[in-house]
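User: Please take a close look at one part of this model and explain it step by step. I would like to understand how a single residue there relates to its surroundings.

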Amino acid sequence: MKLETLFDGNGQRHPGCPGGLSLMLLHSGELDGVERQAVAAHARQCEHCQAVLDGLEAARARQLEEAPFDEVFPTLEERLEALPERGAEIASGGTTREWLGYQWGRLTVALARPALGYTALAAVAAAAVVLAVVQPWRAPVEPDEGVAPGTRIKGAVALDLYALQGGDVVEAEPGVVLRPGDRIQFTYTSGPLDHLIVLGVDGRGTLSRYYPDHGAGSLAVTPGARMVLEDSLVLDDAPGPEVFVAIFSDDPLQVAEVEVAIQDALAAGEGDPRALLDLQLPPALDAAVAVTWVEKELEAIEE
Amino acid sequence: MARQWTRQRAEELYERYAGLVRYRAMRILDDEEDAREITQEAFARLLRTYDPEDAAETPAALLIKITTNLSLNLIRNASSRREKLRQHRDARPGAGDGPPGHDSIERTELIRSLLERVSPDIQRLVVNYYIDDMTKEEIARLHSLSVPTVRKRLDVFVRRSRSSLTREMVQALLVCLAVAMILSNAAGR
């Protein structure tokens, strides 16, 4: 096979052939009416499509021979007992315990996190963000509450946001509306993970790095809950939402590699930074993700 | 949870859809033992998930998604899988004999090896497109996505894979050059 043809079209499907789904549905008896007739008629005259149908039938025969229902039934009941509840499976798209485990962290971040972790606006010197890092201002939180030492729940990470508005420090919810000039600070909950990268993408699609503000690898941090990230940040006047992504890992990651993954997700979301709220990193990175965002009140720019 | 099915209904589902699940698991994993195991696990999950009274999705659609996720988890969790697949391929009758289907086997193996470069939501679409030979329209319907979204996510996979393959080829070339230089020096002495 020539490498340059690898991504040209899909598989062995010829022009004019029905897609693989149609053939599978035909074999399973889930195609109706005209569509069923058309696909079946095509398959009778198409060597490739007939081979797919033959393959499906051969696989069925093999499964029923090697694992007949009478033998499988008792183990099905055992497996059913061991599975998570139905609602959870449906919510994750029809899936697996491992898959739910992978997703669980993000659900925790999204549902249980009282305030988002927007680590972002830190190194704001970058790009169009007029970030004035001022006096270190500490959010009123206590470190190290809540996470059992030694417990590795990869998804149990969070990035929480505090905002200084009119002299008051408030814990801000995800999607909180802030104004250019508002100062924010982040805390993180990392479980046992001790490396962190925080990036942000603003409404213009500009990707900025906040933690670490220099160097190629992750920032080494103290594991724990509600740990304060140094330095407060002042929001710039980039319009629209600004999404902040915290990536936690056991081992240091290359910031550039994470940036590529985020750019990919951004491209898949048609440039909308809110696409990152559902960010899933490649498993090869072996990292946990917490995402949060703020909405900027544009009127404030004119004040 | 109250049981939504009887033994008879479970048997009907199993006999009707066993081929679909086994065939797909085999295509994705290229391992008969794993495919048989995945098939049984997929049916347990189908029985947990599928409610004929409130079926937003058909059993086939659910089984396709369940099988994909189970197979991807297996690939993800088995660090030695790639080597295992290579051994299977070498042992497969007719391996290396060319068409029909030979390019497809090579291609599927390569696609599998590239999956970890992208996130799980993209991996599922890659399996549907490159291994199941579904059209983008079918994938969009299966996952309730727009066709442009499917296209964009597949583009991400292609871009990442091209970049990764190019990097690996350059690295291999550099290794070959280094070996050639060492051999050349040794011969000159």
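Analyst: In this predicted model, D30(B) has 19 C-beta neighbours inside 10 Å and therefore counts as partly exposed. The reasoning rests on two cut-offs: a residue is buried with 20 or more such neighbours and exposed with 12 or fewer, so a count in between gives the intermediate class. The backbone of D30(B) deserves attention as well, since its phi is positive, about 55°, although D30(B) is not a glycine. D30(B) is placed in the loop between α1 and α2 (32-49) of chain B.

A second loop residue offers a useful comparison. S144(B) also is not a glycine, and its phi is positive, near 55°. S144(B) lies in the loop between α7 (136-143) and α8 (147-188) of chain B. Here there are 9 other C-beta atoms within 10 Å, which means that S144(B) is exposed. A further positive phi, near 60°, belongs to D133(B), which follows α6(B).

That helix leads from the loops towards the interior. Helix α6 of chain B covers residues 120-131, 12 residues in total, and spans 15 Å from its first C-alpha to its last, close to the 16 Å expected at 1.5 Å a residue. It is mostly covered, with 11 of its 12 residues buried. Among the buried residues of α6(B) are L125(B), V126(B), V127(B) and the polar-named pair Q123(B) and N128(B).

V126(B) connects this helix to a wider setting. The largest nonpolar core has 113 residues, and V126(B) is one of those that touch the most other members, together with V245(A), A246(A), I247(A) and L63(B). Helix α1 (residues 7-29) of chain B, the helix before the loop of D30(B), supplies the largest share of this core, 11 residues. Chain A takes part too: at least three core residues come from each of its domain 1 (3-82) and domain 2 (113-302). In soluble globular proteins, nonpolar side chains tend to be buried together.

L63(B) shows what such a core member meets. Apart from neighbours within four places in sequence, L63(B) is in contact with Y17(B), L20(B), V21(B), A42(B) and L46(B).

The partner chain completes the picture. Chain A contains seven helices and 11 strands, and 42% of its 303 residues count as buried.

Terms used
Residues are numbered from 1 along each chain as its sequence is written. Chains are lettered from A and ligands numbered from 1 in the order in which they are written. This is a predicted model: local features need pLDDT of at least 70, side-chain atom pairs count only at pLDDT 80 or more; totals for chains, interfaces and linings use all residues. Helices (H or I, at least four residues) and strands (E, at least two) are DSSP runs, numbered from the N terminus. A nonpolar core is a set of buried Ala, Val, Leu, Ile, Met, Phe, Trp, Tyr and Cys residues joined through C-beta atoms within 7 Å. Domain bounds come from an automatic or database domain assignment. Two residues are in contact if their C-beta atoms, placed from the backbone, lie within 7 Å. The expected span of a helix is 1.5 Å times one less than its number of residues.
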